[in-house]
Amino acid sequence: MTDSIGYLRVSTAQQGRSGLGLDAQRETIARFAERESFPVTEWFTDVETGKGSDALDRRPQLAAALNVAQRLKCPIVVAKLDRLSRDVHFISGLMAQRVAFVVAELGLDTDPFLLHLYAALAEKERALISERTRAALARKRAAGAILGNRTNLREAQIAGAAANRAGADRFAANVLPIIREIQSLGTHSHRAIASALTARGVRTARGGKWTGVQVGQLLQRGRQLNVSTGRRHDPASAQSTAESPCRSC
């Protein structure tokens, strides 16, 4: 019987509408692990896109899963290959980490060559979809259609700022569990935590190495977030609650 690491991912665009959300992925992996005697000892979750050359830097939980899998010498199990990536180069980079990846949808008999082949097919499919989308937009422009809404610049700026805040919140929610684990091992100073994050291969949101100041800023954001419920901490609400009499007293 071999232990395994479970890895889950949804992208920001898919989170609300994907047919294979986090719960479904977890259930798929759990059933597969039970059937194949691969008990999952730890779970790691990223809410981030799989696109881009810096995808691994923007997915700290995958980096953490790789470190744990290397230490325990056990495989990482995903529900579908695209939960890792549809990019062949990215998949090749993961294979170079000397960690075994098991795709529940494909089964245990899928070797690295087949994983590369499936990734190449998925990458080609994504390219074809993008090409068809660009062609459709070009036809609309040629027909005189005005694409986009050019009257809502202020609304777009507000939405962009909100998206930036949401992205920072998601990044903090992903990295905070890693910091909590580091703290549980006896490391508490911001500088030492920064060194531990860098040693684990976890990058900052901009892809750089951590500093003590950045760790402090992220912990401050964590205090402003109610990570367990996914809601922001509202100081005014908290003060109001504290000052209100307890009705059950």
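# Guided tour, starting at Ser11

Select Ser11: the UniProt annotation "active site", from an unreviewed entry, covers this residue. The model on screen is predicted. Ser11 sits in the loop between β1 and α1. Is Ser11 buried or exposed? Its relative accessibility is 9%, so Ser11 counts as buried.

**The whole chain**

Zoom out and colour by secondary structure. The chain holds eight helices and six strands. Read along the sequence, their order is β-α-β-α-β-α-β-α-α-α-α-β-β-α. Of the 249 residues in the chain, 32% are buried. Now consider contacts between residues at least 6 apart in sequence: 64% of them join residues at least 24 apart.

**Strand β1**

Select residues 4-10, which form strand β1. Seven of its seven residues are buried, so the strand is largely enclosed by the rest of the structure. Show the side chains and check each face. On one side are Ser4, Gly6, Leu8 and Val10, all buried. On the other side are Ile5, Tyr7 and Arg9, also all buried.

Add β2, residues 40-47. β1 and β2 run parallel and are joined by seven bridges. Pick Arg9: the residue opposite, in β2, is Asp46.

Next add β3, residues 76-78. How many bridges join β1 to β3? There are two, and these strands also run parallel. Pick Gly6, which stands opposite Val77 in β3.

**Ile76 and the cores**

Stay with β3 and select Ile76. Leave aside its neighbours within four places in sequence. Ile76 is then in contact with Ile5 and Tyr7, with Ala65, Leu66 and Ala69, and with Val99, Ala100, Phe101 and Val102. A second, separate core of nine residues includes Ile29, Phe38, Val77 and Ala79.

Ile76 itself belongs to the largest nonpolar core, which has 38 residues. Which members touch the most other members? They are Ile5, Ile76, Leu84, Leu197, Trp210 and Leu218. Helix α5, residues 153-184, gives the most to this core: seven residues. The core draws at least three residues from each of domain 1 (4-119) and domain 2 (165-225). In soluble globular proteins, nonpolar side chains tend to be buried together.

**Thr204**

Move to Thr204, in the loop between α6 (190-199) and α7 (212-224). With a relative accessibility of 7%, Thr204 counts as buried, because the cut-off is under 20%. Draw a distance from its C-alpha atom to that of Phe171. The separation is 8.9 Å, although the two residues are 33 apart along the chain. Now show the contacts of Thr204, again leaving aside neighbours within four places in sequence. They are Asp57, Phe171, Lys209, Trp210 and Gln214. Trp210 is also one of the core residues that touch the most other members.

**Helix α4**

Select residues 112-142, helix α4. How does the span of this helix compare with what 31 residues should give? At 1.5 Å a residue, the helix should span 45 Å. Its end C-alpha atoms are 45 Å apart, which agrees.

Colour α4 by accessibility. Its buried residues are Leu115, Ala119 and Ala122. These buried residues pack against α3 and β4, which cover residues 88-95 and 101-103. Step just past the helix to Gly144, where phi is positive, at about 95 degrees.

**Two more positive phi angles**

Finish with two residues that are not glycines. First select Ser37, in the loop between α1 (22-35) and β2 (40-47). Its phi is positive, about 60 degrees. Ser37 is partly exposed, with a relative accessible area of 35%.

Then select Arg98, in the loop between α3 and β4. Arg98 also has a positive phi of about 60 degrees. Is Arg98 buried or exposed? At 80% relative accessibility, Arg98 counts as exposed, because the cut-off is over 50%.

Technical notes
Residues are numbered from 1 along each chain as its sequence is written. This is a predicted model: local features need pLDDT of at least 70, side-chain atom pairs count only at pLDDT 80 or more; totals for chains, interfaces and linings use all residues. Side-chain values use heavy atoms; hydrogens and water are left out. Helices (H or I, at least four residues) and strands (E, at least two) are DSSP runs, numbered from the N terminus. Buried means under 20% relative accessible area, exposed over 50%, partly exposed in between (1.4 Å probe, protein chains only). The expected span of a helix is 1.5 Å times one less than its number of residues. Contact means heavy atoms within 4.5 Å. Two strands pair if DSSP finds at least two bridges between them. A nonpolar core is a set of buried Ala, Val, Leu, Ile, Met, Phe, Trp, Tyr and Cys residues joined through side-chain atoms within 4.5 Å. Domain bounds come from an automatic or database domain assignment. UniProt positions are given in the numbering used here, feature names are shortened, and annotations may be inferred rather than shown by experiment.
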